[in-house]
Amino acid sequence: MNNYVRICPDCNKEIEYKSYSAWYNANKKQSLCRNCAYKQSAKRVADLSKLLNETYVSYYWMGFILADGSFVDNKLKFTLKKDDSEQVHKLGEFISYTGSYGKSSIKESICCKDSIMVPRIMEKFGISYNKTYNPPNLCNIKEDFLYCLLAGFIDGDGNIQHQNKRKDFMLRIKVHNSWIDILNVFSKLICNEEKAKINNQGYAELIITNTYVLQDLKRRISNYNLPLLKRKWDIIDMGFVSKYTTAEDLRNKVINLLKQNVKQQDIASICNTSPANVTRIKKLYESNK
């Protein structure tokens with residue numbers, strides 16, 4: 001019995017035919033193997049290839065997905081609470097989602113299966129199916145893209161709020177302790193130092209309370225024109241001047257004048273503060289030398 005064999009032009013797998021005519025027709029049409037033909041003809045409810053683009057918005061959504069998405073069986077699922085359902089639809093628009101939205105009284109979600117794109121997305125970002133305990137790989141991501149990914153991650157797992165009984169604001173991100181190194185990557189990006197710690201409950205936690213630093217972060221992220229979650233970022237008031245920032249500015253100005261050997265009485269007049277305050281700043285500065 002003759003075997004008629006040809007190679008699939010897509011995956012290079014051998015395809016065996018029972019008759020010459022079947023083999024001849026397949027060769028003429030350059031037909032794919034059954035598996036590749038199925039993949040090619042399968043109906044897609046979304047274009048997940050957009051998440052692989054080297055664009056600011058793509059990295060924003062990947063940051064959000066790292067926080068609130070899940071990967072299983074070549075599926076990407078993204079779920080948010082009902083109050084943020086608009087953000088689910090924005091992601092749907094970005095990936096040209098045509099499927100149905102999963103809805104309940106408390107949450108809304110989208111789910112896409114793509115046996116080609118999902119593995120590619122996971123490979124690019126070093127994502128594991130059990131990503132809670134296996135953080136992704138963010139190495140070699142350019143700084144601008146990393147800021148966008150951070151913005152998405154904050155929109156997913158971050159909490160921006162006012163500090164207790166103060167108009168100052170703070171950022172807190174709390175995740176599984178295996179993500180401590182990822183939080184320190186974000187911390188260095190935000191304030192140029194590693195401030196993430198394991199808290200008393202065993203979670204990895206990053207807390208930023210410096211008003212100026214958070215305003216600078218918002219200013220930087222605003223340049224990328226991202227579909228940010230407004231209810232979070234609006235808390236950071238760009239016009240607000242913290243009394244702690246004012247005090248720090250005064251301290252730096254006094255110290256600079258002291259270094260120039262300006263008399264303390266003159267410094268008080270120049271800085272519009274009391275001589276006693278100048279003396280206090282001087283003592284603190286000298287004790288910390």
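**Exercise 1.** Which residue of β6 does L80 stand opposite? Place this pair in its sheet and describe what packs there.

*Solution.* The model is predicted.

Step 1. L80 stands opposite E108 in β6.

Step 2. Next, the two strands. β4 and β6 are joined by 7 bridges and run antiparallel.

Step 3. Now the whole sheet. It is open and has 4 strands, in the order β3-β4-β6-β5, with antiparallel pairing. The edges are β3 (69-72) and β5 (102-103); each has a single partner strand, so one side of each is left without a neighbour in the sheet.

Step 4. Finally, the helix. α4 lies across β4 and β6 and runs at about 20° to β6.

**Exercise 2.** Which side chain meets that of E108 in a salt bridge? Explain what the pair ties together.

*Solution.*

Step 1. The structure holds 9 salt bridges. One of them is formed by the side chains of K82 and E108, at 3.9 Å from N to O.

Step 2. Locate both residues. K82 lies in the loop between β4 (75-81) and α4, while E108 belongs to strand β6 (residues 107-113), so the salt bridge ties together parts that are 26 residues apart in sequence.

**Exercise 3.** Describe how helix α3 packs against helix α4, giving angle, distance, handedness and residues.

*Solution.* Two packed helices are described by the angle between their axes and the distance between the axes.

Step 1. The axes of α3 (residues 56-68) and α4 (residues 85-94) come within 12 Å and cross at roughly 135°.

Step 2. An angle that is neither under 35 degrees, nor over 145, nor from 65 to 115 counts as oblique. The helices α3 and α4 are therefore oblique to each other.

Step 3. The crossing in which α3 passes α4 is left-handed.

Step 4. On the α3 side, V57, S58, Y60, W61, F64 and I65 make the contact, and on the α4 side Q87, K90, L91 and F94 do so. By class, the residues of this contact are 7 nonpolar, 2 polar and 1 charged.

**Exercise 4.** What is the order of the strands in the open sheet that contains β7? Add the helices that pack on the sheet.

*Solution.*

Step 1. The order is β7-β8-β10-β9, in an open sheet of 4 strands with antiparallel pairing.

Step 2. β7 (158-162) and β9 (197-198) stand at the edges with a single partner strand each, so one side of each is left without a neighbour in the sheet.

Step 3. Strand β8 (residues 169-175) pairs with strand β10 (residues 204-208) in the antiparallel sense, over 5 bridges. In this pairing K174 stands opposite E205 in β10.

Step 4. Helix α6 (residues 143-157) packs on the sheet and touches β7 and β8, with its direction at about 80° to that of β8. Helix α8 (residues 211-222) also packs on the sheet; it touches β8 and β10, and its direction makes about 75° with that of β8.

**Exercise 5.** At roughly what angle do the axes of α6 and α7 cross? Classify the contact.

*Solution.*

Step 1. The axes of α6 and helix α7 (residues 180-191) cross at roughly 110° and come within 11 Å.

Step 2. Angles of 65 to 115 degrees count as roughly perpendicular. α6 is therefore roughly perpendicular to α7.

Step 3. α6 and α7 cross in the left-handed sense.

Step 4. E143, L146, Y147, L149, L150 and F153 in α6 meet V185, F186, L189 and I190 in α7. This contact has 9 nonpolar residues, no polar ones and 1 charged.

**Exercise 6.** Which residues make the contact of α11 with α12? Start from the geometry.

*Solution.*

Step 1. Helix α11 (residues 264-271) packs with helix α12 (residues 275-287) at an angle of about 110°, the axes being 8 Å apart. That angle makes α11 roughly perpendicular to α12.

Step 2. The contact is made by Q264, Q265, I267 and A268 of α11 with P275, V278, T279 and K282 of α12. Its residues divide into 4 nonpolar, 3 polar and 1 charged.

**Exercise 7.** How many residues lie between β1 and β2 in their hairpin?

*Solution.*

Step 1. Strand β1 (residues 4-7) is joined to strand β2 (residues 14-17) by 4 bridges, and the two run antiparallel. I7 stands opposite E14 in β2.

Step 2. The hairpin of β1 and β2 has 6 residues between the strands. In the turn, N12 has a positive phi of about 65°.

Key:
Residues numbered from 1 in each chain as written. Predicted model: local features only at pLDDT ≥ 70, side-chain atom pairs only at ≥ 80, totals over all residues. Heavy atoms only, no water. Pairing = 2+ DSSP bridges. Axes fitted to C-alpha atoms, helices over the stretch in contact; angles between N-to-C directions. Left-handed = near helix turned anticlockwise from the far one by under 90°. Contact = heavy atoms within 4.5 Å. Nonpolar A, V, L, I, M, F, W, Y, C, P; charged D, E, K, R; others polar. Salt bridge = Lys/Arg side-chain N within 4 Å of Asp/Glu carboxyl O.
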